[in-house]
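Work through the exercises below with the sequence and the model in view. Try each task before reading its solution.

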Amino acid sequence: MKFYTKVKVRYSETDQMGVVYHGNYAQYFEIGRTEWLRSLGITYKNMEKTGIMLPVISLNSKFKKSALYDDDLTIVTYLKKKPSVKIEFDYEIINQHNEIICLGNTVLAFINMDTKKPMRCPEYILEKIPEIL
């Protein structure tokens, strides 16, 4: 399942040349990921209420072209495989000219907030995923 999220590059995300600072791509990935989860009826807020954290344990980016101030970007988010203790996403960030700006990947771990130890993906999340894989 591909999930599409639109964002407009804000001035604060750019350097003096009007180019998006590379560190902002992690935020774009987060926007894509959280909106992908929200589309399934899952939010970080509700996960945390049930004692689950989902920290990023790996993040990779491959920059293809510069994104510029005021560009309209589309964040394409894919679930890489069915989650277990980890959940992995791939991303494509595309500009308004349909050019790939950046490719990315994140891996997150399900962590029990009380024990601070890894745990398996909650069943209520797994129940929603077979419909899309």
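A residue is buried when its relative accessible area is under 20%, exposed when it is over 50%, and partly exposed in between (1.4 Å probe, protein chains only). Helices (H or I, at least four residues) and strands (E, at least two) are DSSP runs, numbered from the N terminus. The model is predicted: local features need pLDDT of at least 70 and side-chain atom pairs count only at pLDDT 80 or more, while totals for chains, interfaces and linings use all residues. Residues are numbered from 1 along each chain as its sequence is written, and side-chain values use heavy atoms, with hydrogens and water left out.

**Exercise 1. Sort the side chains of strand β1 (residues 2–8) by the face to which they point.**

Solution. Step 1: go along the strand and note that the side chains alternate. Step 2: put F3, T5 and V7 on one face; these residues are buried. Step 3: put K2, Y4, K6 and K8 on the other face; these are not buried.

**Exercise 2. Find the order of the strands in the sheet, and state which strands stand at the edges.**

Solution. Step 1: fix the rule for pairing, which is that DSSP finds at least two bridges between two strands. In general, strands of a sheet pair through backbone hydrogen bonds, either parallel or antiparallel.

Step 2: read the order of the five strands, β1-β4-β5-β6-β3, in an open sheet with antiparallel pairing. β1 and β3 each have a single partner strand and stand at the edges, so one side of each has no neighbour in the sheet. From one strand to the next, the twist averages 20 degrees.

Step 3: check some of the pairs. β1 and β4 (residues 72–79) are joined by seven bridges, and T5 has I75 as its bridge partner in β4. β5 and β6 are joined by nine bridges, with E92 partnered by L103 in β6. β3 and β6 are joined by seven bridges, and N60 stands opposite N105 in β6.

Step 4: look at the cover of β6, where eight of ten residues are buried.

**Exercise 3. Test the length of helix α1 (residues 24–39), then say what its buried residues pack against.**

Solution. Step 1: the expected span of a helix is 1.5 Å times one less than its number of residues. For the 16 residues of α1 this gives 22 Å, and the end C-alpha atoms are 23 Å apart, which agrees.

Step 2: list the buried residues of α1, among them Y25, Y28, F29, W36 and L37. An α-helix has 3.6 residues a turn, so residues three or four places apart point the same way.

Step 3: taking contact as heavy atoms within 4.5 Å, the buried residues of α1 pack against β1, α2 (44–49), β3 (56–63), β4, β5 (86–94) and β6 (100–109).

Step 4: after α1 comes G41, which has a positive phi near 85 degrees.

**Exercise 4. Which residues of the largest nonpolar core touch the most other members?**

Solution. Step 1: a nonpolar core is a set of buried Ala, Val, Leu, Ile, Met, Phe, Trp, Tyr and Cys residues joined through side-chain atoms within 4.5 Å.

Step 2: the largest such core has 30 residues, and those touching the most other members are Y25, Y28, W36, M47, L73, I93 and F110. Two or more residues come from each of β1, α1, β4, β5, β6 and α3 (123–126). α1 gives the most, with five residues.

**Exercise 5. Where is S58, and what does this residue touch?**

Solution. Step 1: S58 lies in strand β3. With 26% relative accessibility, S58 counts as partly exposed.

Step 2: leaving out residues up to four places away in sequence, S58 touches N105, T106 and V107. In β6, V107 stands opposite S58.

**Exercise 6. Place D70 and N98, and give the phi of each.**

Solution. Step 1: most residues other than glycine have a negative phi, and most peptide bonds are trans.

Step 2: D70 is in the loop between β3 and β4, with a positive phi near 75 degrees. D70 is partly exposed, at a relative accessible area of 40%.

Step 3: N98 is in the loop between β5 and β6, a hairpin with five residues between the strands, and has a positive phi near 65 degrees. N98 counts as exposed at 63% relative accessibility.

Methods: Axes are lines fitted to C-alpha atoms, for helices over the stretch in contact, and angles run from 0 to 180 degrees between N-to-C directions.
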